[in-house]
Structure formats: structure tokens, C-alpha cells
Amino acid sequence: MKYRFTNRTGGASSGAFASRNLGTHVSDDLSTVLENRAELAREIGPVQFMSQVHGNRVVLIEEVTHEDPTADALVTGIPGVSLAVQVADCIPLLLHSAESVAAVHVGRKGLVNGVALAALEVMRDMGSHQITAIIGPSICGACYEVPFEMQQDVMQEHPRAFATTRKGTPGLDLPKALIADLVSAGVSYEASTSCTYEDEMYFSHRRQNPTGRFAGVISL
């Protein structure tokens, strides 16, 4: 298993997207984004991206294609096929076992609709037993301010999501809630302590909009 999280360094994008923006949907110059993706592929081999929609669709990947399937989780059991999830405050969740790996996009909606659990189910259907999660850089609860009603809605199913921001306003701690889901599903984990809002090495939609996307990438 090999994995990495990219950051803003490298690439050829400029302005708000400087400099390694991997998102094709954020109004950056498309040819530049494709070159950024090609640069990443030269470093680690072909990478399968997806068109993320905050849903819970899981797509099984057997080979890397130029088309980005509409999904919020990719799973493969083929060695050497790299899967990517793009984020700019949402959680880039990577899952691995001896038999398969997954790249999962977990934002507020993804937490609520159970996209991580859906990906785990597909991996287990493929024979994966001991699954480990790697939680990449994302916005922390002290920075993720939301309306009170939204906070309460999320907490109905995910009480661990409760957070208060540094301003004393309602917040959501998505990583803490995701960890609770993973542990309850029998998955061990390691988690980044970097907050994308605070660390300018990463793109952050909350800090700057529009902005680019960095990626979590994993392969068997």
C-alpha cells in the first residue's frame, strides 16, 4: 500500500489556485489543471480521479481512465491503480487492507449519508477484513462554523460532531464524528492534526473562495 496527500506546492496554477490545483471544477484553466494532474501521474503513476457530488455512490475501479466517474468513493483491488479524492476542507479519507483500497470524500453531507460506511461495505464484499483508515488534513471543529440548526441536525445521528468555534459559535468537528463511525465499524485509524483553514499549505474553501483542490491518493 502506498499513499500520499498533496499540498499547494508544485504545479503550474496561479492566483487563487496557486499552484498545484487538481480540481477541474473550480474555474481554473483546464489545460493547466490537466498538466498538474499529469505531473502527479509522472511522480506516482496513473491516477483515477472522480467527479464528487457530496453523495454516497461508490465506484469500483479496474483501470485508470480519463473520465472522472460521478462518485464520492472509489475502490480497487488492482495493484498499481491509484485512486484520488479531492478536497479543500472536507476530509480526504483513505482506506486500505491487504485486498483493496479506497479513496473517500467525506464532508458534512458525506458524513450524514454514510459514504465512508458504504465504501467499507464494498471493501468487505471484496474480502477485506482488517481495514485501516488514514484521515488526511481537513477543517477542524474550532474553525468550522455552521448555523445552530445545522449543527443540531448533524448531531442527531453524529453526537461526536459537536464543536464550539474559537469565536464561541456553533461548529462541527467532522473528523471526530468520522472517527466514531470508523471505530464502531471495527476500523483502526490514524489522523492528521493539520487544519486546512489554518495551514496555508493546503487549499481551504472557507479561507478563500474560489480556491483549488488538493488530493489524497492511495494504491495497493
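**Exercise 1. Find the neighbours of strand β6.**

Starting from Leu94, whose bridge partner in β8 is Ile134, work out which strands pair with β6 in this predicted model, and in which sense they run.

*Solution.* The pair Leu94 and Ile134 belongs to the contact between β6 and β8, two strands that run antiparallel and are joined by four bridges. Turning next to β7, we find that β6 pairs with this strand over six bridges, again in the antiparallel sense. One of the residues to look at here is Leu95, which has Ala102 of β7 as its bridge partner. The connection between β6 and β7 is a hairpin, with four residues lying between the two strands.

**Exercise 2. Place β6 within the whole sheet.**

Give the order of the strands in the sheet, and state which strands lie at its edges.

*Solution.* The sheet is open and has six strands in the order β3-β4-β7-β6-β8-β11, with mixed pairing. Its edge strands are β3 (58–60) and β11 (188–191), each of which pairs on one side only. From one strand to the next, the twist averages 20°. Moving along the order to β4 (residues 73–76), we find it joined by four bridges to β7 (residues 101–106), the two strands running antiparallel, and within this pair Val75 of β4 has Ala102 as its bridge partner in β7.

**Exercise 3. Decide how far β6 is enclosed.**

Are the residues of β6 buried or exposed, and which helices pack on or lie across the sheet?

*Solution.* Buried here means under 20% relative accessible area. From β6, Ile91, Leu93 and Leu95 point one way while Pro92, Leu94 and His96 point the other way, and all of them are buried. Because six of the six residues of β6 are buried, the strand is largely enclosed by the rest of the structure. As for the helices, α3 (residues 115–125) packs on the sheet and touches β3, β4, β6 (91–96) and β7, with its direction making about 165° with that of β7. Helix α5 (residues 174–184) lies across β6, β7, β8 (132–135) and β11, and runs at about 20° to β6.

**Exercise 4. Describe the largest cavity.**

How much space lies in the largest cavity, and which helices each supply at least two residues of its lining?

*Solution.* A search of the whole structure finds one cavity of 30 Å³ or more, and about 40 Å³ of space lies in the largest cavity. The residues lining this cavity include Val106, Leu111, Val115, Leu178 and Asp181. Helices α2 (108–113), α3 and α5 each supply at least two lining residues, and α3 gives the most, with three. By class, the lining has six nonpolar, two polar and one charged residues.

Conventions: Residues are numbered from 1 along each chain as its sequence is written. This is a predicted model: local features need pLDDT of at least 70, side-chain atom pairs count only at pLDDT 80 or more; totals for chains, interfaces and linings use all residues. Side-chain values use heavy atoms; hydrogens and water are left out. Two strands pair if DSSP finds at least two bridges between them. Axes are lines fitted to C-alpha atoms, for helices over the stretch in contact, and angles run from 0 to 180 degrees between N-to-C directions. Contact means heavy atoms within 4.5 Å. Buried means under 20% relative accessible area, exposed over 50%, partly exposed in between (1.4 Å probe, protein chains only). On a 1 Å grid over the protein atoms alone, a cavity is a set of points where a 1.4 Å probe fits but cannot get out, and a pocket is an open set with protein on both sides within 12 Å along at least five of seven lines; lining residues have an atom within 4 Å of a point. Grid points are joined across faces, edges and corners, and a volume is the space filled by probe spheres set on the points. Ala, Val, Leu, Ile, Met, Phe, Trp, Tyr, Cys and Pro count as nonpolar, Asp, Glu, Lys and Arg as charged, and the others, Gly among them, as polar.
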